[in-house]
Amino acid sequence: MSEVTRSLLQRWGASFRRGADFDSWGQLVEAIDEYQILARHLQKEAQAQHNNSEFTEEQKKTIGKIATCLELRSAALQSTQSQEEFKLEDLKKLEPILKNILTYNKEFPFDVQPVPLRRILAPGEEENLEFEEDEEEGGAGAGCPDSFPARVPGAAIFFEFKHYKPKKRFTSTKCFAFMEMDEIKPGPIVIELYKKPTDFKRKKLQLLTKKPLYLHLHQTLHKE
């Protein structure tokens with residue numbers, strides 16, 4: 001095993017454990033974020049061309065199945081159903097398989113199939129495929145975002161503030177804000193800014209800064 005592959009497996013393992021720890025602690029937003037980022041890494045490796053990968057086709061198929069299970073667990077955490085389809089105990093069975101992927105030769109414990117690498121990004125992950133923390137914690141005044149797309153995931157309107165990082169060549173989410181449905185009315189509105197990753201469930205909200213920094217909007221409603 002080359003040093004590159006050894007390092008890759010160590011990073012995968014560390015990411016897997018972080019996600020599982022967040023999951024067991026009830027930090028669901030962080031767990032979902034970690035699971036989805038790792039799933040994309042695994043999907044990318046599973047679909048790599050033979051000359052660009054040190055893994056065999058059978059090993060890449062197993063890696064792809066682990067990615068599918070990570071997405072299943074992520075989906076279970078986001079589900080409103082009381083019955084979780086894919087439990088944390090099930091996911092933990094995959095950690096030794098991922099760790100020993102080069103020697104694993106048993107039947108995969110779950111009836112799943114690898115899924116294609118999608119362009120759907122994890123909340124707050126954007127185009128970044130690096131296992132690292134965002135070093136930007138400058139708070140207010142750290143610079144204006146390049147864009148702030150709006151999303152409507154059900155009962156609120158979310159605004160994500162994005163900016164491009166030239167050195168790393170990817171777009172990152174700096175912070176987010178949201179409006180409750182009863183706040184949608186003509187006129188001005190001031191709403192708070194929260195730290196990433198975007199928490200669509202609104203259960204683990206942290207203000208971006210202690211300073212009086214808000215998003216100021218003026219709403220105009222049009223009737224069809």
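Before comparing two helices, I fixed my terms: an axis here is a line fitted to C-alpha atoms over the stretch in contact, and an angle between N-to-C directions runs from 0 to 180 degrees. I also kept in mind that this is a predicted model.

**Entry: the whole chain**

I began with the elements and found five helices and six strands in the protein chain. Reading from the N terminus, I met them in the order α-α-α-α-α-β-β-β-β-β-β.

Next I looked up burial: of the 224 residues in the protein chain, 42% are buried. The exposed area of the chain came to about 13,800 Å², with carbon and sulfur atoms supplying 51% of it.

Then I checked contacts with a separation of 6 or more, and 59% of them join residues 24 or more positions apart.

**Entry: helices α2 and α3**

I turned to α2, residues 28–46, and α3, residues 57–78. Their axes lie 8 Å apart and the helices pack at an angle of about 160°. Angles over 145 degrees count as roughly antiparallel, so that is how I noted α2 and α3. I recorded their crossing as left-handed.

Which residues of α2 and α3 make the contact? From α2 I listed L28, A31, I32, Y35, Q36, L38, A39, L42, Q43, E45 and A46. From α3 I listed K60, I63, G64, I66, A67, L70, E71, R73, S74, L77 and Q78. Sorting the contact by class, I got 13 nonpolar, five polar and four charged residues.

Key
Residues numbered from 1 in each chain as written. Predicted model: local features only at pLDDT ≥ 70, side-chain atom pairs only at ≥ 80, totals over all residues. Heavy atoms only, no water. Helix = DSSP H or I, 4+ residues; strand = E, 2+ residues; numbered from the N terminus. Buried < 20%, exposed > 50% of the residue type's maximum accessible area, 1.4 Å probe, protein only. Contact = heavy atoms within 4.5 Å. Areas by Shrake-Rupley, 256 points an atom, 1.4 Å probe, with all protein chains shown as cover. Parallel < 35°, antiparallel > 145°, perpendicular 65-115°, else oblique. Left-handed = near helix turned anticlockwise from the far one by under 90°. Nonpolar A, V, L, I, M, F, W, Y, C, P; charged D, E, K, R; others polar.
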